[in-house]
Amino acid sequence: MAAFQDFNFKLLVIDKLMYDDRTLTPPFSIDARMAERGIGDAQSYVLDHGLESTILDESRTHFEGVVIGEELLAGVTSLYVDGGSQVYFECCPAWDGEGDQFDVHSLDDLVLLPNLTRITGAHDCAILSPRLAEALVARGIATD
């Protein structure tokens with residue numbers, strides 16, 4: 001079982017596998033989770049309670065608990081860094097894409113992705129700092 005050190009890096013991988021490739025199932029839906037609590041619209045709830053920049057506990061708990069097998073991890077050859085990624089809206093339903101709550105702080109988890117060769121959006125998105133983008137290139141991982 002792979003253990004991620006950086007929650008935000010794990011979210012990049014989850015976004016790829018759960019929402020893009022649809023190989024990590026079932027997909028998590030904060031709207032469905034909130035509906036179970038009797039909340040009809042997660043985004044309205046977040047706005048009404050001043051939680052726009054907060055990763056909801058339901059989401060954090062779910063995504064921290066997601067187990068990603070080595071076979072799925074080995075299949076990840078590319079990641080896409082984008083403030084509009086689905087996983088971020090499952091965490092923060094009213095997020096404007098501008099905060100730093102999803103910034104990747106460590107590349108220690110790269111060892112979990114042995115076939116990663118490219119990260120797209122690394123230069124355009126503040127989620128991945130220039131220092132980390134340079135470290136990726138030094139490790140032979142293309143960035144654009």
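**A tour from Asp6 to the sheet**

Start by selecting Asp6: apart from neighbours within four places in sequence, Asp6 is in contact with Val104, His105, Ser106 and Asp109. The model on screen is a predicted one. To find Asp6, look in the segment before helix 1. Is Asp6 buried or exposed? Its relative accessibility is 7%, and because buried means under 20%, Asp6 counts as buried.

Next, select helix 4, residues 57-65. Colour Glu58, Ser59 and Phe63 in this helix; these residues are buried. Why do they lie on the same side of helix 4? They cover an arc of only 115 degrees around the axis, and that puts them on the same side. As background, an α-helix has 3.6 residues a turn, so residues three or four places apart point the same way.

Now turn to the other side of helix 4, where Asp57 and Thr61 are exposed. To see what covers the buried residues of helix 4, add helix 1 (7-20), helix 2 (30-36) and helix 6 (86-91), which are included in that cover.

Last, show the strands. There are 3 of them in an open sheet, with the order 1-2-3 and parallel pairing. Which are the edge strands? Select strand 1 (78-80) and strand 3 (142-143): each of these pairs on one side only. Then select strand 2, residues 118-120, which runs parallel to strand 1 and is joined to strand 1 by 3 bridges. To look at one pair, pick Ser78 and Arg118: Arg118, in strand 2, is the bridge partner of Ser78.

Technical notes: Residues are numbered from 1 along each chain as its sequence is written. This is a predicted model: local features need pLDDT of at least 70, side-chain atom pairs count only at pLDDT 80 or more; totals for chains, interfaces and linings use all residues. Side-chain values use heavy atoms; hydrogens and water are left out. Buried means under 20% relative accessible area, exposed over 50%, partly exposed in between (1.4 Å probe, protein chains only). Helices (H or I, at least four residues) and strands (E, at least two) are DSSP runs, numbered from the N terminus. The arc is that of the directions from the helix axis to the C-beta atoms. Contact means heavy atoms within 4.5 Å. Two strands pair if DSSP finds at least two bridges between them.
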